[in-house]
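Trainee: I have a model open and would like to go through its ligand site. Can we take it step by step?

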Amino acid sequence: MATIGNSELDIHPLALGGNTLGWTADETSSFEILDAFMAAGGNFVDTADSYSAFAPGNSGGESETILGNWKAARGIGSEMMVATKVAHHPDFRGLAPENVAAAADASLKRLQSDHIDLYFAHSDDPETPLDETVAAFDALVRSGKVRYVGLSNYSPARVAEWLAIADEGGYARPVSLQPHYNLVHRAEYEQEYAPLVAEHDLGVLPYYGLAAGFLTGKYRTSEDLDAGVRGRMASQYFSEAGLAVIDALAEIATAHAVEIPTVALSWLSRRPGIVAPIASASRIEQLPALLDSTRLVLTDLETDRLTSLSNAVEA
Ligand SMILES: NC(=O)c1ccc[n+]([C@@H]2O[C@H](COP(=O)([O-])OP(=O)(O)OC[C@H]3O[C@@H](n4cnc5c(N)ncnc54)[C@H](OP(=O)(O)O)[C@@H]3O)[C@@H](O)[C@H]2O)c1
């Protein structure tokens, strides 16, 4: 278990990504995945009010609705913590104060809960003065609807600005950062955000822990990318240097008798400042490989080999 920043959120070292719920996993499969995750000790799911408006036929809120239905059906309360996000739902775009308040109420209704454990600003809203957004999140914390605040996809300068406004105004301080960070996308986080994280004790929950599936090793050729709904997302990581990382992951996985994604997540979860990677499964069969990462400890040699190969990816 690891604590998110200076919060009281003590979480399992794998956070379950919720964007598959109601997208690539229907409600029955989603319940299976959630049941298995919880049975293995999982206690933290990351979702967003907008998931999965991007999927044909969906309008947003499907993931939260399934999560709420699952918690209600199983009689589960605070033992499964939920992080959700605001700014991208088609009906609640941006971070104007009245929108944040209304979006939070809509999320709570779908989640069938009276509180959100960690509420992320999904991305910056340059149209709204930041002090108004900071105050809106603070009001949610004061009302008890939100326990803690987190930031995702903000530039480092805007993270620093949010923190300064919070400190000056006595507002709730963000405890968590949710950046895009994995074995084939490192430079942005490590160079630009890591210093801020250390300075402000932010708990890091990296998203795309498996590079949208690329780090599972199932996209080895451009034809592979054409199959499946995530191929387009995974294609951003497709390169010779990226495939060299996959080859090394495969060798290390064989040596430990585990699967490729297990090794990728183990590497990520042991990087400085990381509380828990966020990774999703679209089928219950995919989950054990993700959970195994919490137990796999790589040798220094293996870690260094992966780190060094991944240095070449963005070089
Ligand atoms: N803050 C943000 O802006 C932001 C952005 C993106 C994501 N997120 C969060 O991060 C979470 C994780 O991101 P993600 O779900 O997009 O990508 P990911 O975790 O990097 O990749 C997960 C995908 O990899 C495949 N996979 C997983 N385990 C596998 C296995 N054992 N064998 C083979 N394939 C496997 C599945 O895709 P297939 O269905 O194709 O098999 C799965 O949906 C999301 O659910 C969401 O909560 C946040």
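**Around the ligand**

Trainee: How many residues surround the ligand?
Mentor: Keep in mind that this model is predicted. A residue counts here if one of its heavy atoms lies within 4 Å of the ligand. The closest are D46, L210, K218, S280 and S282. The full shell has 30 residues.

Trainee: By class, how many residues of the shell are charged?
Mentor: Sort the shell into classes. Twelve residues are nonpolar and 14 are polar. The charged residues number four.

Trainee: Which residue has a polar side-chain atom 2.9 Å from an oxygen atom of the ligand?
Mentor: Set the backbone contacts aside. A polar backbone atom of A212 is 2.8 Å from a ligand oxygen, and one of G213 is 3.5 Å from a ligand oxygen. The side-chain contact at 2.9 Å belongs to R230.

Trainee: What share of the ligand's accessible area does the protein cover?
Mentor: Start with the ligand on its own. Its accessible area is then 890 Å². Of that, the protein covers 92%.

Trainee: Which elements give two or more residues to the shell around the ligand?
Mentor: First, place the ligand: it sits in the largest pocket. Then look at residues 278-279 and 287-292. These elements are β12 and α11.

Trainee: How much of the chain is helix over residues 13-309?
Mentor: UniProt, in an unreviewed entry, places the feature "domain: NADP-dependent oxidoreductase" at these residues. The end C-alpha atoms of this stretch are 25 Å apart. Strand makes up 12%, and helix 45%.

Methods. Residues are numbered from 1 along each chain as its sequence is written. This is a predicted model: local features need pLDDT of at least 70, side-chain atom pairs count only at pLDDT 80 or more; totals for chains, interfaces and linings use all residues. Side-chain values use heavy atoms; hydrogens and water are left out. A polar contact is a pair of N or O atoms within 3.5 Å; within protein, one must be able to donate a hydrogen and the other to accept it, and residues adjacent in sequence count only if both atoms are side-chain atoms. Accessible areas come from the Shrake-Rupley method with a 1.4 Å probe; for residues, only the protein chains shown count as cover. On a 1 Å grid over the protein atoms alone, a cavity is a set of points where a 1.4 Å probe fits but cannot get out, and a pocket is an open set with protein on both sides within 12 Å along at least five of seven lines; lining residues have an atom within 4 Å of a point. A molecule sits in a cavity or pocket if more than half of its atoms lie within 2 Å of its grid points. Helices (H or I, at least four residues) and strands (E, at least two) are DSSP runs, numbered from the N terminus. Ala, Val, Leu, Ile, Met, Phe, Trp, Tyr, Cys and Pro count as nonpolar, Asp, Glu, Lys and Arg as charged, and the others, Gly among them, as polar. UniProt positions are given in the numbering used here, feature names are shortened, and annotations may be inferred rather than shown by experiment.
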